[in-house]
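Student: I've got a model open and a few labels I'd like to understand. Can we go through them one at a time?

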Amino acid sequence: KEAKKYIEDNYGKEYVRPIHLSKKDSNKIQEAKIQDAHEAIRPTSVFNHPESIKEFLDNDQYKLYNLIWQRFMASRMKAAYLEKINVEIESGKYIFKSSGVEVLFKGFMIVYNRNNSDLNKLPPLKEGEKLKLLDLKADQCFTKPPPRYTEASLVKKLEKEGIGRPSTYVPIIDTILRRLYVEKIDKKFKPTELGIIVNSFLTKYFSDIINITFTSRMEKQLDEIESNGKDWKDVLVKFYNTFLKDLEKASTAVKYKVATIYSEEICEKCGRKMLIKNGKYGKFLACSGFPDCKNTKPFLEKIGVPCPQLGCTGEIIKRRTKKGRIFYGCSNYPDCSFMTWNEPTNKRCPHCSYILTKNIKKDGVYYKCSNPKCSYQEIIKK
């Protein structure tokens, strides 16, 4: 009721989304069998507008509350209506195509205060109208591979394929990062050598189970068990019979051999070169003389940047949190506590002499000053 009143008072009655679903929409939800999820986070009162309480919040708190408030309000508003216009322009034997988008009704978009400058708008055109050529540019384009998954796009894919449910999306992502099947680079997942090997093995010997169809079907069967539509014993027996056959087949498989990677480190115990190995908690160094020599030590992934802390002789190394997120710290930790989420560089800020870090955003790559009190940044590429 609060949301409805706020929307009516501030945007108009035409922006309020009906609470009751139409019969058509209701049937769609029943057919899709929408899965249970955790309760949403909502503002305690929509009249606590983010701007009205901004002075009581720090910057991060304000951004988070603003996100929650806007998203909740948007969920109570009607959809936006956009009109896509496709234009074909004939010039001799050539045809040039263009498309534009016109906002017919802002709907929920109005709550985000967007100016829609990112939408490609076309000027008013009439069929048969003669146009004047102002400029002509020739660009060569190449087919690009599909982009790597981000957390958001991976969750979207899981939803589309009917895999998991909202409460399991985070554990799924946490598991593939923690087990080092993927690593997160520039907010995108990149498969590791271990991940590629595990995937190859499982898809080869457990193809009946490791596929989207099986996972989606199993989700539906679990829902049917929950609603007493299926007997759980029958489901388990069918699964186990298939799994047992795959397990027997996999037991005869040839072991995958991971490529040997030598490091520049020399074992201080026997003088042999150290190998870079993958373990439960990430990469580590192990003596190539194993089993005669069982010496191991941490693997420090140096990036060639000295620690910027005054008086510190350490080097910046690339580290990972338990959840797989990359950060950068000093090799002299815990004596030196330098840490940053962004990749440090050897460049210095022209304003305050702090080191510049590499930041990747949607609109390009930037060098940004690591000093929180300095706002200097320079663009590298778009």
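Student: At what angle do helix α6 and helix α8 pack, and how far apart are their axes?

Tutor: Keep in mind that this is a predicted model. Helix α6 (residues 193-205) packs against helix α8 (residues 232-251) at about 125°, and the axes are 9 Å apart.

Student: What makes α6 oblique to α8?

Tutor: Roughly perpendicular covers 65 to 115 degrees and roughly antiparallel starts over 145. The angle here is about 125°, so the pair falls under oblique.

Student: Which residues meet there?

Tutor: From α6 you have F201, K204 and Y205, and from α8 there are D246, K249 and A250. That contact splits into three nonpolar and three charged residues, with no polar ones.

Student: Why are α4 and α5 called oblique?

Tutor: Helix α4 (residues 151-161) and helix α5 (residues 166-178) pack at about 125°, with axes 11 Å apart. That angle is neither in the 65 to 115 band nor over 145, so they count as oblique. Their crossing is right-handed.

Student: How do you know that C270 isn't bonded to C287?

Tutor: A disulfide needs the sulfurs within 2.5 Å. The C270 sulfur sits 3.3 Å from that of C287, its closest cysteine sulfur, so that's too far for a bond. For C352, the nearest cysteine sulfur belongs to C369 and is 3.4 Å away, and C352 is in no disulfide. The structure holds zero disulfides.

Student: Why is C270 called partly exposed?

Tutor: Its relative accessibility is 33%. Buried means under 20% and exposed means over 50%, so C270 lands in between. C352, at 25%, is partly exposed too.

Terms used:
Residues are numbered from 1 along each chain as its sequence is written. This is a predicted model: local features need pLDDT of at least 70, side-chain atom pairs count only at pLDDT 80 or more; totals for chains, interfaces and linings use all residues. Side-chain values use heavy atoms; hydrogens and water are left out. Axes are lines fitted to C-alpha atoms, for helices over the stretch in contact, and angles run from 0 to 180 degrees between N-to-C directions. Helices (H or I, at least four residues) and strands (E, at least two) are DSSP runs, numbered from the N terminus. Angles under 35 degrees count as roughly parallel, over 145 as roughly antiparallel, 65 to 115 as roughly perpendicular and the rest as oblique. A crossing is left-handed if the near helix is turned anticlockwise from the far one by less than a right angle, and right-handed if clockwise. Contact means heavy atoms within 4.5 Å. Ala, Val, Leu, Ile, Met, Phe, Trp, Tyr, Cys and Pro count as nonpolar, Asp, Glu, Lys and Arg as charged, and the others, Gly among them, as polar. Buried means under 20% relative accessible area, exposed over 50%, partly exposed in between (1.4 Å probe, protein chains only).
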